[in-house]
Amino acid sequence: MMHKLTVAELSKGLKNKEFSSVELTEHFLSRINQSDLNAFITVTDDLALDQARAADEKIANGNAGILTGIPYAHKDIFCTTGVKTSAGSKILDPFISPYDATVSHKLNSADMVMLGKANMDELAMGSSNEKSYYGPVKNPWNKNKVPGGSSGGSAAAVAGRLSPFATGTDTGGSIRQPASLCGITGIKPTYGRVSRYGMIAYASSLDQAGPLTQTAEDAALVMNVMAGFDDKDSTSVDRAVPDYTKNLGNSIEGLKIGLPKEFFSEGLDSGVAETIMAAVKEFEAMGASVQEISLPNSAHAIPTYYIVAPCECSSNLSRLDGVRYGYRCEDPKDLEDLYLRSRSEGFGAEVKRRIMIGAYALSAGYYDAYYLKAQKVRHLISEDFKKAFQDVDVIMGPVSPTTAFDLGSFTDSVSMYLADIYTLSLNLAGLPGMSIPAGFSNNMPVGLQLIGNYWSEELLLNAAHQFQAQTDWHAQMPEGV
Amino acid sequence: MSLSEQQVKEIAYLARLSIDDGEVEQTTAELNNILGLMADLAKIDTQGVSPMAHPLNMSQRLREDEVSETDQSEAFQKIAPQTGQSHFLVPTVIE
């Protein structure tokens, strides 16, 4: 039963010696090894048990922190010394990181136990986890359906109770959308809140890391460790980190909620819409007020994102060339052949498409029409939010237009891109957002999205925690767990 | 704007990706499908709007010019596909 507990409950159990970290770790490792979700690329059994033993020692000596000895799944995008860090790609399959990402370092310093590296869409490009070199991840609620992506392994691991929490990254929805499709809690913090050092870059002006958990309280506990300034990341922001658990209990009476009318128009599944509106009613019952707002440029988020992100990725991924680390083709006949074949054999189809779109959009003669234009529209999208937050405290809406779709149901890139409609705009603006379990439609979980102003993670977590105190959607588990 | 097969081959080369002749037609169709999404961008009025490159509109932070990195060349070369005499090796470039 230990696997059903939240991080907060496990922390108490460890402190009260109800179980040891080694027992806990062995329990989760055995669940992972029996699971058919394909949520992990690498399971780090030995390392986990070493970390658990060290944690137990600290607990015995009375030197334990709140998260000492708590196991977690680490998205395979974070560098981990001595452990394969593939980012779900063949091109990094041979890559054993020689250093730790700052997030890895922080979790290690908090004496946490890494169970393994979670599966993900290749180099974080995808919304279904079907684009992983290591095969698709299954949704624990229905194994014929996708868990979402790109942090699909992380979300499936938490929803399937293979791990009490998991790390994720979100460039265009990659924490919120899988959290929504798997019925768990996920937060994408403000850009610059969590260090990107050692987090394999996809689109550097959009990427941001955060936790996937059962509850908002757990997310707050983990955010306390993950967040903070890092001089190794030039875009990290030097700003004090609050104790995210401190205001969880505050009343949300008087909270002003905005519902963007563009998020409830054509294309939104009616079952999802009903679930979202019922959740909003719950907030009203708790004393929040609700008003309609408009984000007039939100539909432009799709073309804007799918220019900006590919441009950044085509530039970022030029470093993967078969020379210094990662995959190199067999018997290259000259340097050009080495570059061409290492990259062509190493990258999957979706990554190649995005690299090519980026290379085209940045090329002479097209730069103004695509990249520069997209950056200007990005400004308009960000201004929409700025205006909206003059009137409201939190924006709410759906995360995804539908619940989890069937594995293999999207055959072209564009229709999958369109499903990112509600998540992309806040990455473009750099704002924080959450997905919390709000109910079910057709027996699959629906996530409610909460979008806050810059640095308002505390308020988002507070609102989410208050909702979870009144509802039990977050406590629902797939059958057989 | 739609890409020709010749342009797609050129873009692939620009990105140091090779495309087999058999894949060119499909790749061209896929990329044109994606670029079709972008057509609406041209219609948006962005006169007087400045481009936004950084979500928080911040400029690059500077630091003191002090040595911060230690020599880890051995650890970095250990994971390289091919090395020799402290160098990363590639096929001969100059005879």
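What is the mean pLDDT of chain B, and what share of its residues reach 70 or more? I looked this up before anything else and found a mean of 92, with 99% of the residues of chain B at 70 or more; pLDDT is the predictor's confidence in each residue, from 0 to 100.

I note that this is a predicted model, in which local features need pLDDT of at least 70, side-chain atom pairs count only at pLDDT 80 or more, and totals for chains, interfaces and linings use all residues. Residues are numbered from 1 along each chain as its sequence is written, while chains are lettered from A and ligands numbered from 1 in the order in which they are written.

For the model I recorded ipTM 0.96 and pTM 0.97.

Next I turned to helix α5 (residues 152-159) of chain A, helices being DSSP runs of H or I with at least four residues and strands runs of E with at least two, numbered from the N terminus. Eight of its eight residues are buried, so α5(A) is largely enclosed by the rest of the structure; buried means that 20 or more other C-beta atoms, placed from the backbone, lie within 10 Å of a residue's own. Its cover includes β1 (40-43), β4 (165-169) and α6 (176-182) of chain A. After α5(A) I found R161(A), with a positive phi near 55°.

Last I looked up H474(A), which sits in the segment after α15 (457-470) of chain A. H474(A) counts as buried because it has 23 C-beta neighbours inside 10 Å. Leaving out residues up to four places away in sequence, H474(A) touches T185(A), Q214(A), T215(A), I436(A), P437(A) and Q468(A), contact meaning C-beta atoms, placed from the backbone, within 7 Å.

Conventions
Buried ≥ 20, exposed ≤ 12 C-beta atoms within 10 Å, placed from the backbone. Contact = placed C-beta atoms within 7 Å.
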